[in-house]
Amino acid sequence: MKKEISCGACVYDNEGRVLIIKHVLGHTDIPKGHIEKGETKEETAIREIKEETGIDIELDKRIEPIMITYSPKKEITKDVYYFTGYALNDNIKVQEEEVESAKFIDPLRALKILTYDNAKSVLKYSLDKLNSVK
């Protein structure tokens, strides 16, 4: 069984909206991507958000990442580490090969339109943790 590791983040703007992406394959998700050799999980999350959306982020070090494990294909398991972070800019520029669109939306609306239950669980975790550190 092949093991993959990816990292991403629930990214909030200064209005409390969360960043979501719509992939060219049709699903709506939280931005994430594969870890590269020599990269930390934090570096991967920051790089992937920038690559997919053009948004620079700062991770909230007070909130531990949540890990989700699933099998995207037969013989592959994937661990995805999701952080919580904040947008440092708002000029979205999508990675057109992978991402159809990206936008900041109200988190409660995001919970209704995210395609996968895993993504919804990650967003709920992030929101709960944000509320507890305020």
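Start with the largest pocket: 26 residues line it, and those nearest its centre are His27, Asp29, Lys32, Tyr70 and Lys78. Keep in mind that this is a predicted model. The space in that pocket comes to about 640 Å³. As for the chemistry of the lining, 10 of its residues are charged, 9 are nonpolar and 7 are polar.

Who builds the wall? Quite a few elements chip in: β1 (2-12), β4 (32-34), α1 (41-53), β6 (66-73), β7 (76-87) and α3 (117-133) each bring at least two residues to the lining of the largest pocket. The biggest giver is β6, with 4 residues.

Let's stay with β6 for a moment. It runs antiparallel to β7, and the two strands pair over 6 bridges. If you want one rung of that ladder to look at, take threonine 69, whose bridge partner in β7 is aspartate 79. The hairpin formed by β6 and β7 has 2 residues between the strands, and there you'll find glutamate 75 with a positive phi near 75°.

Now hop over to aspartate 13, which sits in the loop between β1 and β2 (18-23). Is this residue, aspartate 13, buried or exposed? Aspartate 13 counts as buried, because its relative accessibility is 11% and the cut-off for buried is under 20%. Its side chain has a polar atom 3.0 Å from the backbone nitrogen of glutamate 15. Leaving aside residues up to four places away in sequence, aspartate 13 touches Ala87 and Phe104.

Technical notes. Residues are numbered from 1 along each chain as its sequence is written. This is a predicted model: local features need pLDDT of at least 70, side-chain atom pairs count only at pLDDT 80 or more; totals for chains, interfaces and linings use all residues. Side-chain values use heavy atoms; hydrogens and water are left out. On a 1 Å grid over the protein atoms alone, a cavity is a set of points where a 1.4 Å probe fits but cannot get out, and a pocket is an open set with protein on both sides within 12 Å along at least five of seven lines; lining residues have an atom within 4 Å of a point. Grid points are joined across faces, edges and corners, and a volume is the space filled by probe spheres set on the points. Ala, Val, Leu, Ile, Met, Phe, Trp, Tyr, Cys and Pro count as nonpolar, Asp, Glu, Lys and Arg as charged, and the others, Gly among them, as polar. Two strands pair if DSSP finds at least two bridges between them. Buried means under 20% relative accessible area, exposed over 50%, partly exposed in between (1.4 Å probe, protein chains only). A polar contact is a pair of N or O atoms within 3.5 Å; within protein, one must be able to donate a hydrogen and the other to accept it, and residues adjacent in sequence count only if both atoms are side-chain atoms. Contact means heavy atoms within 4.5 Å.
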